[in-house]
Amino acid sequence: MREFPPEPPAHDSDAPALAPQPAIWTGRATNRVQWLLAAGGAACVALGVELAVDSNWTSGVAPLLMSVIGCVTAGLLVIYGTLAFVHVAVKVDGDFLEVRCGHIGLPRRRISLLDVVGADFAPRVTPRQWGGWGYRWRPEKGTAVVVRRGEGLVLRLGDGRVFTVTVDDAEAAVRVIRDRLRLLGAAKRAEA
């Protein structure tokens with residue numbers, strides 16, 4: 001009688017299959033309400049231009065100049081402040097987590113995964129918790145990039161600081177970061 005090698009064990013169909021994590025994870029979050037605020041900033045700039053071009057001010061050049069400069073400056077600040085936080089892009093690769101805001105990617109934050117001691121999913125992050133939209137810092141909570149209300153990613157850093165960012169599919173980001181941290185931990189133990 002002929003002997004055959006033993007068959008591999010059958011897979012349990014009820015056990016969840018672990019999908020391999022991507023080499024680079026990317027996520028985004030957007031806030032379309034910010035476009036309304038940017039339109040208000042554009043209106044301020046337009047008012048400043050209108051004052052400069054078609055002025056009937058008889059009280060002198062100084063008040064006119066102050067009004068024009070004030071409107072244009074306020075408008076440009078509002079435009080930049082809102083368009084910088086219309087969306088956020090988050091990227092996790094083997095070594096870093098990078099957060100880029102707005103269309104030109106500024107402000108930007110790059111955190112080495114070697115500095116991260118933990119990653120958590122926050123089901124609800126709101127601008128009210130952080131004092132508004134944008135790049136925020138609160139002494140009791142840490143630093144955050146908040147572009148909308150919703151789910152977010154919370155990183156605990158080795159120096160005790162906390163960094164939060166609102167991003168779609170934050171649970172997947174947490175899984176990827178935790179896997180990277182396990183790999184980094186295993187590599188450190190192998191070196192020791």
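Two strands count as paired if DSSP finds at least two bridges between them. Keep that in mind as you look at this predicted model, where strands S2 and S3 clear the bar with five bridges. In general, strands of a sheet pair through backbone hydrogen bonds, either parallel or antiparallel. Here's a quick tour of two sheets, one with four strands and one with five.

**The four-stranded sheet**

- This open sheet lines up its strands in the order S1-S2-S3-S4, and the pairing is antiparallel.
- Strand S1 (25–30) and strand S4 (108–112) sit at the edges, so each of them pairs on one side only.
- From one strand to the next, the twist averages 10 degrees.
- Inside the sheet, S2 covers residues 87–92 and S3 covers residues 96–101, and the two run antiparallel.
- Want a spot to check by eye? Find valine 90, which stands opposite valine 99 in S3.

**The five-stranded sheet**

- This one is open too, but its order is S5-S8-S9-S7-S6 and its pairing is mixed.
- The edges belong to S5 (116–125) and S6 (134–138); each has a single partner strand, so one side of each is left without a neighbour in the sheet.
- Neighbouring strands here are turned by 20 degrees against each other on average, if you ignore direction.
- S6 pairs with S7 (residues 142–146) in the antiparallel sense, over five bridges.
- Tryptophan 137 stands opposite threonine 143 in S7.

**A helix against the sheet**

- Helix H4 (residues 170–191) packs on the five-stranded sheet, where it touches S5 and S8 (150–157).
- The direction of H4 makes about 170 degrees with that of S5.

Definitions and conventions
Residues numbered from 1 in each chain as written. Predicted model: local features only at pLDDT ≥ 70, side-chain atom pairs only at ≥ 80, totals over all residues. Heavy atoms only, no water. Axes fitted to C-alpha atoms, helices over the stretch in contact; angles between N-to-C directions. Contact = heavy atoms within 4.5 Å.
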